[in-house]
Structure formats: C-alpha cells, structure tokens
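Thank you for making time for this; I would like to walk you through a single chain, beginning with one residue and then stepping back. Please have a look at the sequence and the structure before I go on.

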Amino acid sequence: MRLQKFLSRAGVASRRASEEIIKEGRVKVDGKVVTTLGTRVDTEKEEVQVDGKVISPEEKKVYLLLYKPPGYITSVKDTHGRPTVMDLLPKLKERVYPVGRLDKDTEGLLFLTNDGKLAHRLTHPRYGISKKYFVKIQGLDDPEKLKKLERGITLEEGYKTSPAKIRVLDHDPSGRRAKLEVEIHEGRKRQVRRMFSKIGCGVVKLKRIQFSFLSLKGLKEGSYRFLKEDEVRKLKKEAGL
C-alpha cells in the first residue's frame, strides 16, 4: 500500500495532507525517514511512525449475522467454561463482539461487529431500533392482558417499557397457550421474558426473528453470514450515521 494512502486510512490526515507530512520528513518506515511520495509499505511487517508516534493500521470493520441456538452464552468469554456464541464463528483477525444480548435459552438473530460507534447507536433506546420476536407463552387466560404490554408495563426496577406491538398468531384458550409475534424497540436484560411474567405468563420459547430490517432468511441454526455492503449502509442510515 502507498504510504500516503496508509496514513489517510489510519486517520492521520487526508491523502493530500499526508503527502505534505511525508515531504516534510516527519514520517519514518522501520526507523528510516521517507520523503518520497508513492513509497509502498507492508504494514504487517514494517513499522510506520509520524513525529515519533507509531501508527497502527485502521482495523477492518466486520459485520456479522448469527443464528444463535439455545444453550449458548451471548458473550466473548465465559468464566464457567460454557459455550459462547464466539464458538460458532470463524477465526477472524478482527475482534468482533455481540450487539445486545440473547439469554442462554433464547435463540435467533444476533448481530456482531467491531464497529463501536454503530453498536452504540443500535443499542441506545434513543434510536428506537426495532427487534421482533416469536414467542410461545403459557398461562394466558385472557388475551386482553396483552394490551398492558402494548401500553407499556413497569418492570421490577421501576422502568416502564415503551409500547410493544403484539400480533396473536395462535391462541388455545383451553390450555391457556399462545403463539405471538412481539416487536419492541428496547433491549433491557431479559426484557421480553420479564414483560410476560408481569402479566402472569411464562415464556416457553423465545426466538428473535428480526433486528431492524435484518432477518433470519437464509440462515440455519448455528450458522452465520457477513452483511452485504448495501445492508451495512442501510443499517448505518437507520442509526443516523
């Protein structure tokens, strides 16, 4: 890679400004001053310094979708030796991490990246990123109780959830069981399970089927895929970036 391009990508300065920095003799490659524009560098083997400071190449941004199976911890590491979602991913040079969490027993769509700015936006309630779940519950004696969740319900710590959108897919009054599609715009710890607990219902199965506009389409349980460039652009647009 040409030296001025490397400096620009690493965030030192614009391409043109980087050329001026080189011509001023402020750049060293493996300890030797380089003033020739267009000099090529191997950033994996050669050390580049500007004004005595070592410049690290900008880490490539990685965006992944994973179909998390139940039984896996949504964490980079687990001190108890339990399997984590990282065990399902390929070995990457970049260190990615989960955006938001799915508890051990919950399955479905999980987004992972090393783009910290985007991750922050996607998890901040201010940006209202949609999360959609398939939920099987038991203990629903009256479907009218679901309206409490649609209005917002106060959790144990005193936090009132934003209104949820709920679509009844199937309801068995005799067994008090139901299958639902639930959409929320927050991501508090075990939020969906706690919401249903507040109306006296137990969650039998919980599966995240959509995150923003991203879905499980084309993914099998335990599999992953990299996002396409247009998907990344659309996701950043939704996050206001």
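Let me begin with Glu 107, which counts as buried because its relative accessibility is 9%, and the cut-off for that word is under 20%. I should say at once that what you see is a predicted model, so please hear each value as computed from that model. Glu 107 lies in strand 7, which covers residues 107-113. Which residues does Glu 107 touch, if we leave out those up to four places away in sequence? The list runs through Tyr 67, Lys 68, Pro 69 and Pro 70, then Leu 102, then Lys 205, Leu 206, Lys 207 and Arg 208, and it ends with Glu 221.

The next residue is Asp 78, whose place is in the loop between strand 5 (63-68) and strand 6 (97-99). Is Asp 78 buried or exposed? With a relative accessibility of 17%, Asp 78 counts as buried, since the limit is under 20%. The side chain of Asp 78 reaches the backbone nitrogen of His 80 at 3.1 Å, and, when residues up to four places away in sequence are not counted, Asp 78 touches Ile 73 and Thr 84.

Pro 173 also sits in a loop, here the one between strand 9 (165-172) and strand 10 (177-184). Pro 173 counts as exposed because its relative accessibility is 57%, and exposed begins over 50%. Its C-alpha atom is separated by 8.1 Å from that of Asp 142, although the two residues are 31 residues apart along the chain.

Now let me step back to the whole chain, which has six helices and 13 strands. Its radius of gyration is 24 Å, whereas a compact globule of 241 residues would have one near 18 Å, and along the principal axes its C-alpha atoms fill a box of roughly 80 × 35 × 35 Å. Of the 241 residues, 41% count as buried, and among contacts between residues at least 6 apart in sequence, 61% join residues at least 24 apart.

Finally, a word on surface and charge. The chain exposes about 13,800 Å², of which carbon and sulfur atoms supply 45%. There are 55 positive and 34 negative charges in the chain, and the mean positions of these two groups are 1 Å apart.

Conventions
Residues are numbered from 1 along each chain as its sequence is written. This is a predicted model: local features need pLDDT of at least 70, side-chain atom pairs count only at pLDDT 80 or more; totals for chains, interfaces and linings use all residues. Side-chain values use heavy atoms; hydrogens and water are left out. Helices (H or I, at least four residues) and strands (E, at least two) are DSSP runs, numbered from the N terminus. Buried means under 20% relative accessible area, exposed over 50%, partly exposed in between (1.4 Å probe, protein chains only). A polar contact is a pair of N or O atoms within 3.5 Å; within protein, one must be able to donate a hydrogen and the other to accept it, and residues adjacent in sequence count only if both atoms are side-chain atoms. Contact means heavy atoms within 4.5 Å. The radius of gyration is taken over C-alpha atoms; the globule rule is 2.2 Å times the number of residues to the power 0.38. Accessible areas come from the Shrake-Rupley method with a 1.4 Å probe; for residues, only the protein chains shown count as cover. Lys and Arg count as positive and Asp and Glu as negative; His and the chain ends are not counted. The place of a charge is taken as NZ of Lys, CZ of Arg, CG of Asp or CD of Glu.
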